[in-house]
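Dear colleague,

Please find below the structure for your review. My notes on it follow directly after the sequence and coordinates.

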Amino acid sequence: MAEPIIEVENLEKRYGNFEAIRGLSFTIYQGEIFGLLGPNGAGKSTTLEIIETLREKTSGTVQVCGYDLDANTAAIKKLIGVQLQSSGYYPGLNLTQLLNLFAGLYNTTVDPMEILAMVNLEEKAKAKVKELSGGQRQRFSIATTLVNRPKVIFLDEPTTGLDPQARRSLWELIRTIRAAGTTVVITTHYMDEAEYLCDRIAIMDQGKLIALDTPDTLIDQLLEKGFERKKDVKAATLEDVFISLTGHGLESDH
Ligand code: ADP
Ligand code: MG
């Protein structure tokens with residue numbers, strides 16, 4: 001097995017009297033695409049934001065790349081890639097200028113065209129964020145996580161609200177980023193996405209971990225309990241129909 005890159009132990013987070021995270025422990029390994037799943041309110045975003053150093057925890061320990069979250073916040077910030085809220089994009093700047101600005105915040109320089117090529121947005125180098133489609137905006141948002149050449153990036157519901165082609169385009173991008181050696185931690189409500197992308201999945205509910213394994217093993221465990229689907233599944237889905245009818249590939253116009 002690869003080296004651990006994130007180790008969370010007994011994490012707890014209270015908002016006032018409300019316990020949002022209740023004794024969460026898990027390990028993420030280098031090179032994984034790790035999925036954090038769970039219903040709305042389960043505590044996924046809280047967990048990610050604590051690891052990202054954006055939110056205070058109540059108790060427990062978190063280590064990122066061997067650094068303790070409490071003792072080495074600054075070191076961790078340099079090693080991780082975080083998606084900015086879209087309000088963080090200065091509206092007057094184009095994509096090239098924004099990437100240069102973000103690189104500056106990390107005290108580094110980047111080749112904006114190289115990063116834009118990776119996310120298939122070279123043609124939009126001089127465009128503003130507001131001129132991008134939903135899928136393009138998400139790809140740009142992922143591009144901004146890469147400017148400091150992070151060891152691990154965090155993507156909180158990156159495909160929510162995107163059309164099927166744009167989602168698939170993002171899946172390929174996430175795989176490319178992992179292939180280049182970056183660990184990816186992602187949350188999603190799309191189970192097909194989790195099954196396709198994730199090496200391992202943690203399922204949370206009400207601030208607790210209720211399952212953690214590969215998608216394959218989780219499915220096998222359910223089948224071993226005697227689970228059967230109520231209805232016979234057709235060999236294609238409505239999504240297959242949609243992709244087949246509108247599937248002009250995964251180009252940058254999504
Ligand atoms: P998820 O991302 O899984 O939907 P969150 O981490 O956003 O869940 O939220 C977990 C729980 O914590 C929810 O019940 C939410 O209402 C609560 N919560 C999140 N942020 C705050 C906050 N700043 N103040 C109070 N409660 C919060
Ligand atoms: Mg959330």
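Strand β3, residues 33-37, pairs with β9 in the parallel sense, and four bridges join the two. Leucine 36 has alanine 202 of β9 as its bridge partner. Please bear in mind throughout that this is a predicted model.

On its way to β10, strand β9 changes the sense of pairing: β9 and β10 run antiparallel and are joined by five bridges. Within that pairing, isoleucine 201 is matched with aspartate 213 in β10. The two strands form a hairpin with two residues between them, and glutamine 206, which lies in the turn, has a positive phi of about 45°.

These strands belong to an open sheet of six strands with mixed pairing, in the order β6-β7-β8-β3-β9-β10. The edges are held by β6 (80-82) and β10 (208-213); each has a single partner strand, so one side of each is left without a neighbour in the sheet. From one strand to the next, the twist averages 20°. At the β6 edge, the partner is strand β7 (residues 152-156), and the two pair in the parallel sense over three bridges. There, isoleucine 80 stands opposite valine 152 of β7. Helix α8, residues 215-224, packs on this sheet and touches β9 (200-205) and β10; the direction of the helix makes about 105° with that of β10.

The structure also holds an open sheet of four strands, with antiparallel pairing and the order β2-β1-β4-β5. Its edge strands are β2 (18-29) and β5 (67-68), each of which pairs on one side only. Between them, strand β1 (residues 4-15) and strand β4 (residues 59-64) pair in the antiparallel sense over five bridges. In this pairing, glutamate 9 has threonine 61 of β4 as its bridge partner. Helix α1, residues 44-51, lies across β1, β2 and β4 and runs at about 120° to β1.

Ligand 1 may be of particular interest to you. Which residues surround ligand 1? They are Tyr15, Phe18, Ala20, Pro39, Asn40, Gly41, Ala42, Gly43, Lys44, Ser45, Thr46 and Arg55. Three polar contacts can be described individually:

- Tyrosine 15: an N or O atom in the side chain is 3.4 Å from a nitrogen atom of ligand 1.
- Alanine 42: a polar backbone atom is 3.2 Å from an oxygen atom of ligand 1.
- Serine 45: a polar side-chain atom lies 2.9 Å from an oxygen atom of ligand 1.

Finally, I turn to the aromatic residues. The structure holds four aromatic pairs. Tyr89, Phe102 and Phe140 form one aromatic cluster. Two arginines are also placed over tyrosine rings. The charged end of arginine 167 sits over the ring of tyrosine 190, at 4.0 Å from the ring centre. Arginine 175 lies over the face of tyrosine 196, and the distance to the ring centre is 4.1 Å.

Yours sincerely

Definitions and conventions. Residues are numbered from 1 along each chain as its sequence is written. Chains are lettered from A and ligands numbered from 1 in the order in which they are written. This is a predicted model: local features need pLDDT of at least 70, side-chain atom pairs count only at pLDDT 80 or more; totals for chains, interfaces and linings use all residues. Side-chain values use heavy atoms; hydrogens and water are left out. Rings of Phe, Tyr and Trp (its six-membered ring) pair if their centres lie within 6.5 Å; planes under 30 degrees apart count as stacked, over 60 as edge-to-face and the rest as tilted. A charge sits over a ring if NZ of Lys or CZ of Arg is within 6 Å of the ring centre and within 35 degrees of the ring normal. Two strands pair if DSSP finds at least two bridges between them. Axes are lines fitted to C-alpha atoms, for helices over the stretch in contact, and angles run from 0 to 180 degrees between N-to-C directions. Contact means heavy atoms within 4.5 Å. A residue is near a molecule or strand if one of its heavy atoms lies within 4 Å of it. A polar contact is a pair of N or O atoms within 3.5 Å; within protein, one must be able to donate a hydrogen and the other to accept it, and residues adjacent in sequence count only if both atoms are side-chain atoms.
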